[in-house]
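Open the structure in your viewer and keep the selection tool at hand. This tour goes stop by stop.

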Amino acid sequence: MTDFDAETEFLGEWGRFQQQTFFLLCLTVIPNAFTALSIVFVADTPPHRCLVPAHVNLSAAWRNSSIPLEEDSHGGGLQPSRCSRYRLGDIRNFSDGGLLPGVDVNLSTVATEGCVDGWEYDRTTYDSTISSEWNLVCDEGWKKPMSSSVVFCGYLLGALVSGQVADRFGRKIVLVVSIGAHSVFATILAFSSSWIMFCVIYFIVALAHTSRTGSAFVLGTEILSTRVRKIFSTVGGNMFFCVGYMLLPLAAFYIRGWRMLLLALALPSFLLLTLWWCVTESPRWLLSQGRVEEAEAIVRDAAKKNQIEPPAVIFGPLHNECKPERRKAHNICDLLRTRNIRWISLTLWVIWNTLTVAYYALSLNTSNIHGNKYLNCFLSAAVEIPAYILSWIMFRWCSRRRSLFSTLFMGGLFLLLTLLIPANLVHVAVALEMMGKFAVTTAFSIMYAYTVEVYPTVLRNTALGACSMASRIGSIVAPYVIYLRSYSISLPYILIGSLTVLSGLLSLLLPESNGMPLPDTITHMQDFPGCCKKTPYKLTRTEKNEPAAEGLSPVVS
């Protein structure tokens with residue numbers, strides 16, 4: 001086993017090369033918040049009621065009473081119906097006859113009808129959203145959560161494809177191509193002419209988003225030194241995501257139309273295409289492919305930027321000898337090939353799934369929380385800053401398993417405690433929800449970094465993509481978890497809180513990676529508790545025809 005960190009230790013930890021890589025890759029994370037969470041404002045449903053055409057001859061009294069009153073589903077008393085009105089022909093006859101509503105006519109006996117002439121929307125908060133432009137309300141209300149789920153379906157496919165592509169062709173090329181595709185289609189999204197077109201383009205944007213995120217994360221993790229890697233994987237990229245998250249409600253506050261908002265969020269991404277000339281390929285990945293000369297050239301260029309004289313020989317001959325497993329084309333099936341990696345993968349997939357349900361459900365719920373929508377979204381973003389700082393502190397000094405368990409368990413506990421708060425103590429319930437979001441965000445940050453640590457270089461991007469893909473099942477469900485509010489406000493908190501607590505307990509089964517070097521091959525992975533027996537690593541037909549590599553054990557736990 002060769003130690004890449006030891007061989008490149010002469011570069012130092014925080015020279016010009018590392019600083020440039022760190023900040024440029026972090027910049028790619030800022031637009032991620034726009035893709036994932038702009039739907040909070042783009043698809044929000046403003047208050048609305050059935051339209052009564054202006055040309056209909058009604059008295060002022062009957063025009064003001066044309067909408068029946070209904071009990072608010074959230075316990076707010078009687079409110080005008082959003083999906084029905086009194087039958088227009090009947091109230092026109094009452095108006096022509098000089099009868100008064102509630103005096104001469106008992107309104108409870110008047111027949112009602114749907115919004116056959118459309119809806120009128122309150123323009124106080126938004127000039128337009130996709131819900132108001134395409135009438136995604138009442139019988140068409142299912143299309144609103146579907147708009148969010150389509151995004152996460154794109155994330156799922158992107159996670160399935162991008163990880164394997166990046167492990168096959170390289171991190172850098174996938175990163176830059178994804179940035180270009182994301183920028184182009186995010187711009188086209190603002191010109192959608194129908195809900196179907198919006199969903200199709202948004203799906204493509206989300207697919208490119210996942211490819212860019214995974215490639216940038218793995219690239220930074222593999223290039224940076226051990227100490228800086230921990231900062232990048234926990235605080236660095238996540239803090240820049242938080243910056244984008246906080247910029248989102250600010251942009252939405254000043255740009256109230258959904259088309260101009262999407263355009264304003266998409267255009268700056270084109271500047272990130274310059275990364276092709278500013279960021280290098282991962283030397284770790286190049287070594288895993290046997291491209292030692294290219295990896296050495298990158299490291300020598302990094303030494304030149306850091307004004308350090310490199311040694312005559314950087315990578316020893318062992319890199320040229322370790323060919324069979326390193327140069328073999330790995331795929332997602334290898335994540336289930338042996339008992340050890342299978343149990344690690346299945347456990348991580350379950351926990352990732354729960355984290356995405358909790359994180360996105362709480363993030364998408366900001367428009368439903370009591371108070372100003374823009375302020376609630378900003379607070380939901382701001383609470384992530386201390387969460388990312390805490391994740392870095394825990395990741396540097398604490399056990400990975402204990403960190404995951406404590407944050408997941410406390411996050412679920414805070415959400416379950418909201419059920420005990422009386423209805424008149426709204427601010428206490430909001431505070432508990434924000435504390436739950438804080439704990440879930442901390443766990444999510446730790447989970448990203450832990451996943452990269454536990455998998456080997458030859459499968460790292462594929463594994464991260466597979467975990468992200470598995471988690472997207474949860475994110476697809478997340479909008480519908482919030483939709484459960486229409487039946488009971490408590491249901492989302494019961495579901496999210498319970499799943500998060502159970503996942504916290506499950507995390508105690510994971511192997512500890514704190515203080516361990518990044519594994520390069522499958523044989524170097526940590527043991528999953530309970531997998532005591534060594535499971536032979538079965539060679540493929542291609543591997544059987546190649547000579548065995550020196551220094552690599554044919555057995556994997």
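What follows is a list of selections, with a word on what is there each time.

**The whole chain**

Start with everything shown. Keep in mind that this is a predicted model. Colour by secondary structure: the protein chain has 24 helices and eight strands. The chain runs to 557 residues, and 56% of them count as buried. Now show the surface. About 23200 Å² is exposed, and carbon and sulfur atoms supply 64% of that area. Contacts reach across the sequence too. Among those between residues at least 6 apart, 81% join residues at least 24 apart.

**The largest cavity**

Next, look for empty space inside. Rolling a probe the size of a water molecule over the atoms shows where such space is left. How many cavities of 30 Å³ or more does a search of the whole structure find? The search finds seven.

Go to the largest one, with a volume of about 450 Å³. Its lining counts 29 residues. Select Asn32, Thr213, Asn238, Phe241 and Tyr448, which are the closest to its centre.

Then show the helices around this cavity. Helix H3 (30-37), helix H8 (143-169), helix H10 (195-223) and helix H11 (226-254) are among those that each supply at least two lining residues. Helix H17 (339-364), helix H21 (426-454) and helix H22 (460-483) do so as well. Which helix gives the most? H10 does, with six residues.

Colour the lining by class. There are 14 nonpolar residues, 14 polar ones and one charged residue.

**The second largest cavity**

Move to the second largest cavity, which holds about 110 Å³ of space. Select its lining in two steps. Begin with residues that include Pro31, Phe34, Thr35, Ser38, His182 and Ala186. Add further lining residues, among them Leu189, Tyr202, Val205, Leu262, Leu265 and Ala266.

H3 and H10 each give at least two residues to this lining. So do helix H9 (171-189) and helix H12 (258-266). Colour by class again: nine residues are nonpolar, three are polar and none is charged.

**Thr21**

Select Thr21, in helix H2 (residues 16-27). Is Thr21 buried or exposed? Its relative accessibility is 2%, so Thr21 counts as buried. Show what Thr21 touches beyond residues up to four places away in sequence: Ile223 and Leu224.

**Tyr126**

Now select Tyr126. Tyr126 sits in the loop between strand E6 (119-121) and helix H7 (130-133). Tyr126 counts as buried because its relative accessibility is 4%.

Show the contacts of Tyr126, leaving out neighbours within four places in sequence. They are Val40, Phe41, Asp44, Pro46, Arg256, Lys373 and Tyr374. Zoom in on Asp44. The side chains of Tyr126 and Asp44 make a polar contact at 2.7 Å.

Add Phe253 to the view. Tyr126 and Phe253 are 127 residues apart in sequence, yet their C-alpha atoms are 8.9 Å apart in space.

**Thr45**

Select Thr45, in the loop between helix H4 (39-42) and strand E1 (48-50). The relative accessible area of Thr45 is 19%; the limit for buried is under 20%, so Thr45 is buried.

Which residues does Thr45 contact, leaving aside its neighbours within four places in sequence? They are Ser131, Val137 and Lys144. Draw a line from Thr45 to Ser131. Their side chains make a polar contact at 3.5 Å.

**Asn135 and Cys138**

Finish in the loop between H7 and H8. Select Asn135, found in this loop. Cys138 is found there too.

Check the backbone angles. Most residues other than glycine have a negative phi. Phi of Asn135 is near 55°, a positive value. Phi of Cys138 is also near 55°, and positive.

Last, show their surfaces. With a relative accessible area of 26%, Asn135 is partly exposed. Cys138 is partly exposed as well, with 27%.

Notes. Residues are numbered from 1 along each chain as its sequence is written. This is a predicted model: local features need pLDDT of at least 70, side-chain atom pairs count only at pLDDT 80 or more; totals for chains, interfaces and linings use all residues. Side-chain values use heavy atoms; hydrogens and water are left out. Helices (H or I, at least four residues) and strands (E, at least two) are DSSP runs, numbered from the N terminus. Buried means under 20% relative accessible area, exposed over 50%, partly exposed in between (1.4 Å probe, protein chains only). Contact means heavy atoms within 4.5 Å. A polar contact is a pair of N or O atoms within 3.5 Å; within protein, one must be able to donate a hydrogen and the other to accept it, and residues adjacent in sequence count only if both atoms are side-chain atoms. On a 1 Å grid over the protein atoms alone, a cavity is a set of points where a 1.4 Å probe fits but cannot get out, and a pocket is an open set with protein on both sides within 12 Å along at least five of seven lines; lining residues have an atom within 4 Å of a point. Grid points are joined across faces, edges and corners, and a volume is the space filled by probe spheres set on the points. Ala, Val, Leu, Ile, Met, Phe, Trp, Tyr, Cys and Pro count as nonpolar, Asp, Glu, Lys and Arg as charged, and the others, Gly among them, as polar. Accessible areas come from the Shrake-Rupley method with a 1.4 Å probe; for residues, only the protein chains shown count as cover.
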